[in-house]
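Visitor: I would like a close look at a single part of this model, with the residues around it named. Please take one loop residue as the starting point and work outward from there.

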Amino acid sequence: MGNENGTWIMRGVPADDPGCLHTADELIAYIDEVGFLPLFANGVPGFSVEEHTEVGYWWGGDPKHDPWEWRAILARSGRVAYGKFFDNKAGFISKEWLPYFANHRRDGYDFDSLWDDEKATFRQKRIMDQFGPDTELFSNELKLKAGYGKGGEPNFEGMVTGLQMDLYLCVRDFRQRLNKQGLPYGWAIAVYCMPEHLFGYDLMSAAYGEAPSVSRERILEHMRRLYPGVTDAQLEKL
């Protein structure tokens, strides 16, 4: 999605385009094929869900056809990881590539080790302290529990985005909140968890045996093969 002279432009493809994705399952298969994929266009031509879907179906509310709804289907499927992984913006990572992203982005550290080595901030720790291996929290719950509510710590969204970029958190689902009678209400909002909850510690740590710089180069070289015209500046930005 780009802004041209104050107008937001979607960069999709026609339904009969050979590269057009028509269902959530087709999107999962494509992510498994390419390895990782941002949700929206980002400067690397073709490197987004947006550029492989029909513009007219976005935000239509039909989970069969709407790529905005697909992101929730994929997040809850446990077949790919979803979160703000690319330049602080949303995207997907396949199970095959998740260990390399985790090793590179975490620089070889689990969060507890990051804190012990004084490489994490107190505000990050307040958020991560709310999570155990099986914890799932609505974004509003997490904000209150971690002390980011009214009069509390600032920049909750920025902290959560940074923890997703570093692969310590991901989006588990989008769900409606429940009222006192246990009935759903309002818009569906993000539910966060640690990636280990969805994919297991063994998968998330599978690349810990190689230097983070090696994992980083694997990712960059894969991008260069898929998108030969990509520049190093574009790769660094993402």
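Guide: Outside the four places on either side in sequence, Glu-54 is in contact with Val-13, Pro-14, Ala-15, Cys-20 and His-22. The model is a predicted one. Glu-54 sits in the loop that runs between strand S3 (36-38) and helix H2 (67-77). For one of its partners, Pro-14, the C-alpha to C-alpha separation is 5.8 Å, although Glu-54 and Pro-14 are 40 residues apart along the chain.

The loop between S3 and H2 also holds Val-49. Val-49 has a relative accessible area of 0%, so it is buried. Its contacts, with neighbours up to four places away in sequence set aside, are Leu-27, Leu-37, Pro-38, Leu-39, Trp-58, Pro-67 and Phe-92. The C-alpha atom of Val-49 is 9.8 Å from that of Arg-71, a residue 22 places away along the chain.

Pro-67 and Arg-71 lead into H2, where both belong to the buried residues, together with Trp-70, Ala-72, Leu-74 and Ala-75. The elements that cover these buried residues include helix H1 (24-34), S4, S5, strand S7 (170-178) and H8. At the start of H2, the backbone nitrogen of Trp-68 has a side-chain oxygen of Asp-66 within 2.8 Å. Just after the helix comes Gly-78, with a positive phi of about 75 degrees.

Gly-78 is in turn one of the residues touched by Phe-199; the others are Val-80, Ala-81, Lys-95, Leu-98 and Met-204, leaving out residues up to four places away in sequence. Phe-199 belongs to helix H8 (residues 195-199), and H8 is among the elements that cover the buried residues of H2. With a relative accessibility of 11%, under the 20% limit, Phe-199 counts as buried. Its C-alpha atom lies 28 Å from that of Val-44, and the two residues are 155 apart along the chain.

S4 and S5, also part of the cover over H2, are joined by a loop. Strand S4 spans 80-86 and strand S5 spans 89-94, and Asp-87 is found between them. The side chain of Asp-87 makes a polar contact of 2.6 Å with the side chain of Lys-237. Beyond its neighbours within four places in sequence, Asp-87 is in contact with Met-165 and Leu-238 as well as Lys-237.

Leu-98, touched by Phe-199, is one of the buried residues of H3, along with Pro-99, Phe-101, Ala-102, Asn-103 and Arg-105. That is six of the eight residues of H3, and the helix is mostly covered.

Which residues of H3 meet H10? On the H3 side they are Tyr-100, Phe-101, Asn-103 and His-104, and on the H10 side Pro-212, Ser-215, Arg-216, Arg-218 and Ile-219. By type, the residues of this contact are four nonpolar, three polar and two charged. Phe-101 and Asn-103 take part in the contact and are also on the list of buried residues in H3.

As for the geometry of the pair, helix H3 (residues 98-105) and helix H10 (residues 212-226) pack with their axes 8 Å apart, at an angle of about 130 degrees. The angle falls between 115 and 145 degrees, so H3 is oblique to H10. The crossing of H3 past H10 is left-handed.

After H3 comes Asp-107, which has a positive phi, near 55 degrees. Asp-107 is placed in the loop between H3 and helix H4 (111-116). Is Asp-107 buried or partly exposed? Its relative accessible area is 47%, so it is partly exposed.

Asn-155 is another residue other than glycine with a positive phi, in this case near 65 degrees. The loop between helix H6 (139-145) and helix H7 (156-165) contains Asn-155. Asn-155 is partly exposed because its relative accessibility is 45%.

Note on methods:
Residues numbered from 1 in each chain as written. Predicted model: local features only at pLDDT ≥ 70, side-chain atom pairs only at ≥ 80, totals over all residues. Heavy atoms only, no water. Axes fitted to C-alpha atoms, helices over the stretch in contact; angles between N-to-C directions. Helix = DSSP H or I, 4+ residues; strand = E, 2+ residues; numbered from the N terminus. Parallel < 35°, antiparallel > 145°, perpendicular 65-115°, else oblique. Left-handed = near helix turned anticlockwise from the far one by under 90°. Contact = heavy atoms within 4.5 Å. Nonpolar A, V, L, I, M, F, W, Y, C, P; charged D, E, K, R; others polar. Buried < 20%, exposed > 50% of the residue type's maximum accessible area, 1.4 Å probe, protein only. Polar contact = N/O pair within 3.5 Å; in protein donor to acceptor, adjacent residues only side chain to side chain.
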